[in-house]
Amino acid sequence: MTCEMCHSTGILDLAHSKKRRKIENEEELAEVALLCRQCHNFIEYNLTQPEMEKVVREIIERRCPQDILFND
C-alpha cells in the first residue's frame, strides 16, 4: 500500500475529510484517505477545513473499485 497523495511507502495514517471534533456521524467517520505522515500533516495543518474535505473527497473519487479492501 502507498500514500494516496504522493505514493510513498512510508508509515501511513488515515486522514479524515474533517477534523475529528467536527465529525458528526458514521458516514463522515468513514470518509478517509490513506496518507503518509508528511501528506497527512500537510493537509491537517496547512489547508482550511473546506480544502481538506475537497482533497480527501477527490482522492476517494479517484479510487478504482479494485482498490477497495473491504471485500468479504
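These are my notebook entries on the fold, the surface and the salt bridges of this chain.

**Entry 1: the model and its fold**

I am working from a predicted model. I looked up the secondary structure and found three helices and two strands in the chain. Going along the sequence, I read the order as β-α-β-α-α. I noted the limits of some elements for later use: strand 1 covers residues 12-16 and helix 2 covers residues 37-46. Helix 1 takes in residues 26-29, and helix 3 takes in residues 49-62.

**Entry 2: burial, surface and contacts**

I checked burial next. The chain has 72 residues, and 32% of them count as buried. For the accessible surface I have about 5,500 Å², with 52% of that belonging to carbon and sulfur atoms. I then took the contacts with a separation of 6 or more; residues 24 or more positions apart account for 60% of these.

**Entry 3: salt bridges, Asp-13 and Arg-37**

I looked up the salt bridges and found seven in the structure. One of them joins Asp-13 to Arg-37, with 3.3 Å between the closest N and O atoms. Asp-13 belongs to strand 1 and Arg-37 to helix 2, so this pair ties together parts that lie 24 residues apart in sequence. I also looked up how open the two residues are. Asp-13 is partly exposed at a relative accessible area of 22%. Arg-37 is also partly exposed, and its relative accessible area is 46%.

**Entry 4: Glu-28 and Lys-18**

I went on to the salt bridge between the side chains of Glu-28 and Lys-18, where the N to O distance is 2.8 Å. Glu-28 sits in helix 1, while Lys-18 is in the loop between strand 1 and helix 1, 10 residues away. Are these two partners buried or exposed? I find both Glu-28 and Lys-18 buried. For Glu-28 the relative accessible area is 14%, and the cut-off for buried is under 20%, so Glu-28 falls in that class. I then listed what Glu-28 touches, leaving out residues up to four places away in sequence: His-16, Lys-18, Lys-22 and Ile-23. The salt-bridge partner Lys-18 is thus one of the residues on that list.

**Entry 5: Glu-44 and Lys-19**

Lys-19 was my next stop. The side chain of Lys-19 meets that of Glu-44 in a salt bridge, at 3.1 Å from N to O. Which parts of the chain does this pair tie together? Glu-44 lies in helix 2 and Lys-19 in the loop between strand 1 and helix 1, so the salt bridge connects parts 25 residues apart in sequence. The accessibility classes of the partners came next. Glu-44 counts as partly exposed at 22% relative accessibility. Lys-19 has 18% relative accessibility and counts as buried, because the class takes in values under 20%.

I also noted a network: Glu-31, Glu-53 and Arg-57 are joined by salt bridges that share partners.

**Entry 6: Lys-54 and Ser-17**

Last, I looked at Lys-54, which lies in helix 3. Lys-54 has 53% relative accessibility, and since exposed means over 50%, I entered this residue as exposed. How far apart are the C-alpha atoms of Lys-54 and Ser-17? I have 7.6 Å for that separation, with the two residues 37 apart along the chain.

Notes:
Residues numbered from 1 in each chain as written. Predicted model: local features only at pLDDT ≥ 70, side-chain atom pairs only at ≥ 80, totals over all residues. Heavy atoms only, no water. Helix = DSSP H or I, 4+ residues; strand = E, 2+ residues; numbered from the N terminus. Buried < 20%, exposed > 50% of the residue type's maximum accessible area, 1.4 Å probe, protein only. Contact = heavy atoms within 4.5 Å. Areas by Shrake-Rupley, 256 points an atom, 1.4 Å probe, with all protein chains shown as cover. Salt bridge = Lys/Arg side-chain N within 4 Å of Asp/Glu carboxyl O.
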